[in-house]
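User: Hi! I'm new to reading protein models, so could you take me through one, a question at a time?

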Amino acid sequence: MSDTIAISKAVKIYGSGAGQHVALNGVDVTIERGQFVSIIGPSGCGKSTLLRLIAGLEQADDGDVSVFGVTPERACAAKMIGLVPQTPALLPWLDVLKNVSLPAKVNPGADRRRQKIGGHVAKAAPDMRDLLQKAGLGDAVHKLPAQLSGGMQQRTAIVRAFGVQPDVLLMDEPFSALDEFTRESIQGQLLDIWDQMNTTVVFVTHSVTEAVRLSDKVLVMSSGPGRVTASVDITLPRPRSEAMLKTPEFHHFEDTIRDHLQAAWRENPVSNPASSAA
């Protein structure tokens, strides 16, 4: 049984001829089970494309991608992979509790399929009310999405994704539309849930601070074409409170990642450096 998400020499090309765009070229990534890994880099460097390869939503034109020993397509069909997009996409006619509980009730055949996959690790069904409480939604379980703030909607989407007990949770800039205070609060709640569920998380972000606070490892990407130019292990102790953001140790990792981002931009100055300074 493989205990890694393994991406080897992955290439993804869009279009052909003069309009051809090489989104990813020779990407090698290894993510261990249970890790929280962030991907950071300038706009257009292929962060979301890499996430889509892991999710089985796109196929590499060359190279290999596997999720704990099986193809992404097989892992996705067996509900081993969960996805939190930038927008929550909650069902407006269901309250919070019903929204987060629904995915576990649909497609029961997928549960049977993933029990047969060696890379799947079975876990006890989570208490959805407990997860909502950890996400700061204990008083909102019977509210409709229209009655929630943007931050509360996004927290609901995160709990919903964890509720299906995915082996891998993919998050594509889920906090990008939130203000800084709400963003930092949700980061802490996400870490609390992740610590309980022990899910492997791959998280796309433009924020250096966010990447350092959340991650065990940060992958730095550059564009033209998209590739991983650095991998930084974040050795800060957990749990990581908001107070840790002010420590010299935390700033050291921020500076390290910013240095890698600047180096990647110097290799390809067509990229926008402002996007990597967030």
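User: How many bridges pair strand β1 with β2, and in which sense do they pair?

Analyst: Quick background: this is a predicted model, where local features need pLDDT of at least 70, side-chain atom pairs count only at pLDDT 80 or more, and totals for chains, interfaces and linings use all residues. Residues are numbered from 1 along each chain as its sequence is written, and side-chain values use heavy atoms, with hydrogens and water left out. Strands (E, at least two residues) and helices (H or I, at least four) are DSSP runs numbered from the N terminus, and two strands pair if DSSP finds at least two bridges between them. Strand β1 covers residues 4-14, and its pairing with β2 is antiparallel, over eight bridges.

User: Which strands stand at the edges of the sheet that holds β1, and why is one side of each left without a neighbour?

Analyst: The sheet is open, with three antiparallel strands in the order β2-β1-β4. A strand with a single partner has one side left without a neighbour in the sheet, so the edges are β2 (21-32) and β4 (62-67).

User: Is K9 buried or exposed?

Analyst: K9 sits in strand β1, and it has a positive phi of about 50° although it isn't a glycine. Buried means under 20% relative accessible area, exposed over 50%, and partly exposed in between (1.4 Å probe, protein chains only). K9 has 55% relative accessibility, so it counts as exposed.

User: And K79, buried or exposed?

Analyst: K79 also isn't a glycine, yet has a positive phi, of about 60°. Its place is the loop between α2 (72-77) and β5. With 12% relative accessibility, K79 counts as buried.

User: What is the strand order in the six-strand sheet?

Analyst: This one is open too, and its pairing is mixed. For instance, β5 and strand β6 (residues 168-172) run parallel, joined by four bridges, and L83 stands opposite L170 in β6. The edge strands, which pair on one side only, are β5 and β9 (227-233). The full order is β5-β6-β7-β3-β8-β9.

User: What angle does the direction of helix α1 make with that of β6?

Analyst: Helix α1 (residues 47-55) packs on the sheet, touching strands that include β3 (36-40) and β7 (200-205). Contact here means heavy atoms within 4.5 Å. Axes are lines fitted to C-alpha atoms, for helices over the stretch in contact, and angles run from 0 to 180 degrees between N-to-C directions. For α1 and β6, the angle is about 155°.

User: Which residue caps the N-terminal end of α3?

Analyst: Helix α3 spans residues 96-105, and its buried residues include V96, L97 and P103. Among what covers them are α5 (128-134) and α6 (150-163). At the N-terminal end, a side-chain oxygen lies 3.3 Å from the backbone nitrogen of L97, and the residue it belongs to is D95.

User: Where is the proline that a cis peptide bond joins to R238?

Analyst: That cis bond has an omega of about 5°, and the proline is P239. P239 lies in the loop between β9 and α9 (248-267).

User: Last one: how many of the 278 residues, as a percentage, count as buried?

Analyst: The protein chain holds nine helices and nine strands. Of its 278 residues, the share that counts as buried is 53%.

How values were computed:
A polar contact is a pair of N or O atoms within 3.5 Å; within protein, one must be able to donate a hydrogen and the other to accept it, and residues adjacent in sequence count only if both atoms are side-chain atoms.
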